[in-house]
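User: Can you walk me through this model? I'd like short answers with the cut-offs spelled out.

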Amino acid sequence: MGAGRTINESHASARMNDFRHIRVASKGYRKLRPSDLVLAHRNQLDWLSGALAEDFDGQTFVATHHAPHPSVLEKHDGNIAAAYASDLSELILKHRPERWFFRHWHGVRNSSVGDTQLINVSLGYPDEIADPAARIRDLIFEI
Ligand SMILES: [Fe+2]
């Protein structure tokens, strides 16, 4: 990525609370930038790709904060969708984990890619959920 910001990065920093409220301690507590998250995403994706490539005789579950596929978004503005869900289809289809749990997107839509179930375990903001205990019970029984 070059020095300039993409359209997605400009939309994300203008529209998401994360970029107003989160500070980066290792950068002198400056405000979080989309480029910080792109770098973290690439580093963590490298680690996850390596972990999934290791031989393992059993079921594989993945848990991430960010959603692994845009099919879980109920509605989205194309310019900001990348801030909620990456398209990790290639990784998912290559390693075929049983289930992939994620948060970050507060909708409760689940999806699948190939044989992998994508399950949203987000509770959302307190004012978005009428009965948190019921949602937690639902999640336990979904899993
Ligand atoms: Fe989040």
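User: Is H104 buried or exposed?

Analyst: This is a predicted model, where local features need pLDDT of at least 70, side-chain atom pairs count only at pLDDT 80 or more, and totals for chains, interfaces and linings use all residues. Residues are numbered from 1 along each chain as its sequence is written, and side-chain values use heavy atoms, with hydrogens and water left out. Buried means under 20% relative accessible area, exposed over 50%, partly exposed in between (1.4 Å probe, protein chains only). H104 has a relative accessible area of 15%, so it counts as buried.

User: Which residues coordinate the iron ion?

Analyst: Donors are N, O and S atoms within 2.8 Å of the metal (3.2 Å for Na, K and Ca); water is not among the atoms, so sites may look incomplete. The coordinating atoms here are NE2 and ND1, at 2.2 Å, and they belong to H65 and H104, respectively.

User: Where along the chain do H65 and H104 sit?

Analyst: Helices (H or I, at least four residues) and strands (E, at least two) are DSSP runs, numbered from the N terminus. The pair links distant parts of the chain, 39 residues apart. H65 is in the loop between β3 and α4 (89–95), and H104 is in the loop between β4 (99–102) and β5 (111–113).

User: What span should helix α3 have?

Analyst: The expected span is 1.5 Å times one less than the number of residues. Helix α3 has 20 residues (34–53), and its end C-alpha atoms are 28 Å apart, which agrees with the expected 28 Å.

User: Which residues of α3 are buried?

Analyst: Down the axis of α3, the buried residues fall within an arc of 130° (taken from the directions from the helix axis to the C-beta atoms), so they line one face. The face turned away from that side carries the exposed L39, D46, W47 and A53. The buried ones are P34, D36, L48 and L52.

User: How does H41 count, buried, partly exposed or exposed?

Analyst: H41 lies in helix α3. Its relative accessibility is 29%, so H41 counts as partly exposed.

User: How far apart are the C-alpha atoms of H41 and S86?

Analyst: Along the chain, H41 and S86 are 45 residues apart. In space, their C-alpha atoms are separated by 9.5 Å.

User: What share of the protein chain is buried?

Analyst: The chain has five helices and six strands. It contains 143 residues, and the buried share is 31%.
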